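Hi everyone, thanks for making the time this morning. I'd like to walk you through one structure, so please have a look at it while I talk.

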Amino acid sequence: MSQSKVYSSANSALEGIINDGQTLAIGGFGLCGIPEALIEALRDSGVKDLTCISNNAGVDEFGLGLLLQTRQIKKMISSYVGENKEFERQYLAGELEVELTPQGTLAEKLRAGGAGIPAFYTATGVGTLVAEGKETRDFDGRTYVLEHSLVADVSLIKAQKADKAGNLIFNKTARNFNPDCAMAGKITIAEVEEIVEIGTLDPDEIHLPGIFVQRIILNSNPEKRIEKTTTKAVESV
């Protein structure tokens, strides 16, 4: 009988597969759908010189911002990085390598990596700094730039629900980059809010098959911090 995919904690799920110098893909968009417990366990593990692929870098004291504080990240491959002052400080000081990638291109680089496609052409970025030093080619009178796909040593993702085989259901927009990151990882760990028995999930409702998930941890009470709170002023009558 195969070993269970369900691990007792985030720390135990990382054990034996996380090492210095690895490339990690981290799911989430802003603070929505991020694997909070796995990121904290990664911080506590002390691994360093990491390359992190993630749409953004969290905020100063949450998400991937925790790993920037502890200087465990060597390079970020991201799209949007404007909410993290420590990220900005490290980049401007030459302490952090940054590879800025258009958001759709980043998603496709991960999806292609998971599908075994080594590279693809896209019109996004042609004629800008994004295309500098990259191969271009014309198709039907339009110029496209060659982008190489991304594959991660380990992917850390977040889902709403899993069965014990690792089949996942995501909650609305928390789906964002999580499936693509999961597919691009050689080993994928999913942090979920609920684990059910195999056969419980309706096959038509499964967003990601368990073939892409090697380990699962339960975090039934995530903080789900709000990145920016905007409220409407009370109008006087």
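**Helix H4 and the salt bridges**

Let me begin with what packs over helix H4: the cover of its buried residues includes helix H3 (65-69), strand S4 (73-78) and strand S5 (97-100). Before I go further, please keep in mind that this is a predicted model.

So which residues of H4 are buried? They are Glu86, Phe87 and Gln90. Looking down the axis of H4, you find these buried residues within an arc of 105°, so they line one face of the helix. Turn to the face pointing away from that buried side, and you meet the exposed residues Lys85 and Leu92.

The two ends of this helix are worth a look too. At the start of H4, Asn84 places a side-chain oxygen within 3.1 Å of the backbone nitrogen of Glu86. After the helix comes Gly94, which has a positive phi, near 75°.

Now for the charges. Side chains of opposite charge can pair when their charged atoms come close. How many salt bridges does the structure hold? The count is 14, and I'll show you three of them.

We can stay in H4 for one. Arg89 and Glu86 join their side chains in a salt bridge, at 3.0 Å from N to O. Both residues belong to H4, which spans residues 85-92, and they sit three residues apart, about one turn of the helix. As a general reminder, an α-helix has 3.6 residues a turn, so residues three or four places apart point the same way. Here Glu86 is buried, while Arg89 is partly exposed, because its relative accessible area is 38%, between the cut-offs of 20% and 50%.

Next, Glu193 and Lys158. Their salt bridge brings the closest N and O atoms to 2.9 Å apart. This pair ties together distant parts of the chain: Glu193 is in strand S11 and Lys158 is in strand S9, 35 residues apart. Are these two buried or exposed? Glu193 counts as buried, with 16% relative accessibility, and Lys158 is buried as well, at 6%.

While we're on partners, let me go back to the helix for a moment. Salt bridges with shared partners connect Arg71, Glu86, Arg89 and Glu95 in one network.

The last pair is Asp153 with Lys186, whose side chains meet in a salt bridge at 3.8 Å, N to O. This one also links distant parts of the chain, with Asp153 in strand S9 (residues 152-163) and Lys186 in strand S11 (residues 185-196), 33 residues apart. Asp153 is partly exposed, at a relative accessible area of 25%. Lys186 counts as exposed, since its relative accessibility is 57% and the cut-off for exposed is over 50%.

Since S9 has come up, let me finish with strand pairing. Strand S2 (residues 23-26) runs parallel to strand S3 (residues 50-53), and three bridges join them. Ala25, for instance, has Ile53 as its bridge partner in S3. On the way from S2 to S3 the chain passes through helix H2 (residues 36-45), making a β-α-β crossover that is right-handed.

And where does S9 fit in? S2 is joined to S9 by three bridges, again in parallel. If you want a pair to click on, Leu24 has Val154 as its bridge partner in S9.

That's my tour, and I'm happy to take questions.

Key:
Residues are numbered from 1 along each chain as its sequence is written. This is a predicted model: local features need pLDDT of at least 70, side-chain atom pairs count only at pLDDT 80 or more; totals for chains, interfaces and linings use all residues. Side-chain values use heavy atoms; hydrogens and water are left out. A salt bridge is a side-chain nitrogen of Lys or Arg within 4 Å of a carboxyl oxygen of Asp or Glu. Helices (H or I, at least four residues) and strands (E, at least two) are DSSP runs, numbered from the N terminus. Buried means under 20% relative accessible area, exposed over 50%, partly exposed in between (1.4 Å probe, protein chains only). The arc is that of the directions from the helix axis to the C-beta atoms. Contact means heavy atoms within 4.5 Å. A polar contact is a pair of N or O atoms within 3.5 Å; within protein, one must be able to donate a hydrogen and the other to accept it, and residues adjacent in sequence count only if both atoms are side-chain atoms. Two strands pair if DSSP finds at least two bridges between them. A crossover is right-handed if, with the strands pointing away from the viewer, the path from the first strand over the helix to the second runs clockwise.
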